[in-house]
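Student: Could you take me on a close look at a single helix, from its start to its end, and tell me how it sits among its neighbours?

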Amino acid sequence: MFRALSLATAIALTAAPAAIADARVAAPRLTQTSFEQLKQPLPLPYDASADATAAVAAAKARALRGRKKLLIDLGGNWCLDCRLLAGVMELPAMRGFVARHYEVVTVDIGRFDKNLAIPAHYGIKGRLAGVPALLVVDPKTDRLVNAGRETALADARSLSPQGLADWLAQWV
């Protein structure tokens, strides 16, 4: 009997990490129901003069050390959808959630003509379908987690702040 219990316990403990890994992390519940409730002016998150390659490498190293996903936010300050996303990510409830689960780096892509080696590194060839383009990367493997969904928020204004939070939570 004891041996059977020990074997069952060992199997349960071995299976537990897989079950935990499959559990979805819930997005924080935001009180803001529309983008008009975001702090104005909206953030300007992209630094046109930054060394994007170095910034991504440093963020990837921090993500690896912190056991977080790397979130590469490709966009431009001219893009309303990019600025709405940045505004949602600055909400107090989102700021903590993002800090716990992601190492974020913003990359200015100009008018789709700058820093394109970064998306190309993750298999995105040619012109991006829109911005913001979010690359969720597993820093251990340097592989894209959200392949095929990178530009899903290019029309962020069609969602709600909660919709953006839910989208980010699905990749944690």
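Tutor: Happily! One term to begin with: a residue counts as buried when its relative accessible area is under 20%, and as exposed when that area is over 50%. Keep in mind that this is a predicted model.

The part to look at is helix α2, residues 52-66. Let's check its length. With 15 residues at 1.5 Å a residue, α2 should span 21 Å, and its end C-alpha atoms are indeed 21 Å apart, so the two values agree.

Now for the start of the helix. There, a side-chain oxygen of D51 comes to within 3.3 Å of the backbone nitrogen of T53.

Next, the sides. The buried residues of α2 are A52, V56, A59 and A63. Because they cover an arc of only 65° around the axis, they lie on the same side of α2. The spacing makes sense in general terms: an α-helix has 3.6 residues a turn, so residues three or four places apart point the same way. What do these buried residues of α2 pack against? Their partners are two strands, β1 (69-75) and β2 (102-108), together with the helix α5 (117-121). Turn to the other side of α2 and you will find T53 and R65, both exposed. T53 thus appears twice in our tour: its backbone nitrogen is the one reached by D51, and T53 is exposed on the side away from the buried residues.

Finally, the end. α2 is followed by R67, which has a positive phi, near 55°.

Key: Residues are numbered from 1 along each chain as its sequence is written. This is a predicted model: local features need pLDDT of at least 70, side-chain atom pairs count only at pLDDT 80 or more; totals for chains, interfaces and linings use all residues. Side-chain values use heavy atoms; hydrogens and water are left out. Helices (H or I, at least four residues) and strands (E, at least two) are DSSP runs, numbered from the N terminus. The expected span of a helix is 1.5 Å times one less than its number of residues. Buried means under 20% relative accessible area, exposed over 50%, partly exposed in between (1.4 Å probe, protein chains only). The arc is that of the directions from the helix axis to the C-beta atoms. Contact means heavy atoms within 4.5 Å. A polar contact is a pair of N or O atoms within 3.5 Å; within protein, one must be able to donate a hydrogen and the other to accept it, and residues adjacent in sequence count only if both atoms are side-chain atoms.
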